[in-house]
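Welcome! The exercises below take you on a short walk through a protein, one step at a time. Try each task on your own before you read its solution.

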Amino acid sequence: MLPESDRAWRLRSRPALDGLRGIACLLVLVGHQVPWLIPAGGVGVAVFFTLSGFLITALLLDRRTRSGSFQLADFYRRRALRLLPAFVVMLFIVGTISLAMAPDLAPPKALAASIFYYSNWMQAFGPKLGGLQHTWSLAIEEQFYLLWPLVLILAARYGRRGLLVLVACGSLASIVWRVVLYDLGEPLGRLYYGSDTRVDGLLVGCWLAIFLTGRAEGRARSILASGVFIATGAACVALVSSGVFGRFVVMPTVIAVGTAAVVWCVAQGRYSGWLGHPFLVLVGRRSYALYLWSLPLASMLDPFDLSYWIALPIGLALAAVAAGLSWKYVEEPFLRLKERTPRGTAGAE
């Protein structure tokens with residue numbers, strides 16, 4: 001049982017978290033449209049991972065507090081209604097275009113790996129997926145959505161402290177395993193795309209959500225708040241590092257810790273002004289569709305051999321149009337269906 005104190009943090013709608021998601025999305029979009037800025041996309045994905053771990057864990061714990069149950073069947077149903085429709089529509093349209101005129105855009109093996117959420121493992125061992133290469137991060141998150149609630153149920157009996165220790169050990173194990181694989185000379189794709197080597201980012205978010213369900217002590221608040229500045233500086237060092245160790249081994253954890261520090265500050269009411277800017281919030285709330293469409297559209301522009309400075313605004317504009325259509329005609333109808341049954345929390349799903 002996870003005790004709830006009178007000072008426990010509660011999940012609710014926080015525009016600043018949407019704004020943080022919006023910043024991550026913009027980094028990914030720029031990375032997709034301007035390949036030589038790939039580290040920008042890597043930072044954005046790492047931020048997404050930590051946010052996902054935080055929000056899903058906070059959601060599940062809030063359900064447990066409100067109803068006495070994690071309500072897994074309803075959780076999985078709502079996840080499916082939120083994620084699958086827009087994803088399936090994107091795969092159908094991109095697959096049709098690929099079949100008709102651009103075979104390399106979405107080969108059959110890429111479509112299969114994407115729809116069954118194992119594209120990260122396919123890319124970890126070499127094959128590229130054309131315009132569907134970005135589905136690797138969706139695969140890792142979906143694998144997390146499937147397994148983490150079950151782990152949380154089994155581990156919740158050990159209480160909040162036991163959970164914190166378990167999650168911290170899991171995150172540390174992932175980091176150490178990434179270092180070991182690097183020292184063994186494993187391909188960098190194995191480190192970058194493997195679920196086991198990237199789960200530390202998700203678990204850092206999980207740890208913060210569990211931590212916030214209890215009392216927030218002043219000393220811990222100061223340490224975590226200052227962590228955002230330390231992690232940001234370390235992230236800059238990792239990004240400009242000429243060695244691959246900084247980018248593939250160090251950076252994912254540094255970005256995860258930095259993201260957790262920012263989320264902590266948002267939970268304490270900080271940064272809600274500029275992170276809650278309407279533009280960032282709008283991008284954050286449309287980030288899923290923007291992410292789905294950005295890389296396929298960028299891949300469709302490749303044959304025109306446009307300069308990056310022309311391809312970037314065109315690609316971003318096309319992604320914005322596609323995301324708007326996806327939101328209006330695909331996501332919103334299924335979101336209304338998702339809301340027909342009461343949910344266990346007021347938090348963002």
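**Exercise 1. Decide whether Arg-77 is buried, exposed or partly exposed, and find its salt-bridge partner.**

Keep in mind as you work that this model is predicted.

Step 1. Arg-77 has a relative accessible area of 29%. Buried means under 20% and exposed means over 50%, so a value in between is called partly exposed. Arg-77 is therefore partly exposed.

Step 2. The partner is Asp-74, and the closest N and O atoms of the two are 3.3 Å apart. A salt bridge needs a distance within 4 Å, so the pair qualifies.

Step 3. Both residues sit in helix 3, three residues apart, which means that about one helical turn separates them.

**Exercise 2. Find out which parts of the chain the salt bridge of Arg-82 and Glu-331 ties together.**

Step 1. Start with the bridge itself: between Arg-82 and Glu-331, the closest N and O atoms are 2.9 Å apart.

Step 2. Now place the two ends. Arg-82 belongs to helix 3 and Glu-331 to helix 15, so the bridge ties together parts 249 residues apart in sequence.

Step 3. Check the surroundings: Arg-82 and Glu-331 are both buried.

**Exercise 3. Describe the network of salt bridges that includes Asp-18.**

Step 1. Count first: the protein has seven salt bridges.

Step 2. One of them joins the side chains of Arg-285 and Asp-18, at 2.9 Å from N to O. This pair links distant parts of the chain, since Arg-285 is in helix 13 (residues 278-285) and Asp-18 is in helix 1 (residues 15-33), 267 residues apart.

Step 3. Compare the two ends. Asp-18 is buried, at 9% relative accessible area, whereas Arg-285 is partly exposed, at 38%.

Step 4. Add the remaining member: Arg-21 is linked with Asp-18 and Arg-285 in the network.

**Exercise 4. Work out whether Glu-141 has a salt bridge, and list what it touches.**

Step 1. Locate Glu-141 in helix 6 (residues 135-155).

Step 2. Look for a side chain of opposite charge. The nearest is Arg-79, 6.9 Å away. A salt bridge requires a distance within 4 Å, so this pair does not count. Glu-141 is thus buried without a salt bridge.

Step 3. Leaving out residues up to four places away in sequence, Glu-141 touches Phe-48, Phe-49 and Ser-52.

**Exercise 5. Classify two aromatic pairs as stacked, tilted or edge-to-face.**

Step 1. The whole structure holds 14 aromatic pairs. Take Trp-136 and Tyr-192: their ring centres are 5.1 Å apart and their planes meet at 45°, so this pair is tilted.

Step 2. Trp-136 is in helix 6 and Tyr-192 is in helix 8 (residues 188-193), so the pair ties together parts 56 residues apart in sequence. Both Trp-136 and Tyr-192 are buried.

Step 3. Turn to Trp-207 and Phe-211, with 5.2 Å from centre to centre and 10° between the planes: this pair is stacked. The two lie four residues apart in helix 9 (residues 195-212), about one helical turn. Trp-207 is partly exposed, at 27% relative accessible area, while Phe-211 counts as buried, at 12%.

Step 4. Finally, widen the view: Trp-136 and Tyr-192 belong to one aromatic cluster with Phe-49, Tyr-193 and Phe-248.

**Exercise 6. Compare the settings of Tyr-117 and Asp-305.**

Step 1. Look at the backbone. Phi is near 60° for Tyr-117 and near 55° for Asp-305; each is a positive value in a residue other than glycine.

Step 2. Find the loops. Tyr-117 is between helix 4 (108-115) and helix 5 (119-124), and Asp-305 is between helix 14 (287-301) and helix 15 (308-338).

Step 3. Compare accessibility: Tyr-117 is buried, with 12% relative accessible area, but Asp-305 is exposed, with 70%.

**Exercise 7. Summarise the whole protein.**

Step 1. Count the elements: there are 15 helices and zero strands.

Step 2. Of the 349 residues, 54% are buried.

Step 3. Consider the surface: about 15,800 Å² is exposed, and carbon and sulfur atoms supply 70% of it. Leu-84, Val-88, Ile-115, Phe-116 and Tyr-118 make a nonpolar surface patch of about 450 Å².

Note on methods:
Residues numbered from 1 in each chain as written. Predicted model: local features only at pLDDT ≥ 70, side-chain atom pairs only at ≥ 80, totals over all residues. Heavy atoms only, no water. Buried < 20%, exposed > 50% of the residue type's maximum accessible area, 1.4 Å probe, protein only. Lys, Arg positive; Asp, Glu negative; His and termini not counted. Contact = heavy atoms within 4.5 Å. Patch = residues over 30% accessible without salt bridge, like charges linked within 9 Å, V, L, I, M, F, W, Y side chains within 5 Å. Areas by Shrake-Rupley, 256 points an atom, 1.4 Å probe, with all protein chains shown as cover. Phe/Tyr/Trp six-rings, centres within 6.5 Å; stacked < 30°, edge-to-face > 60°.
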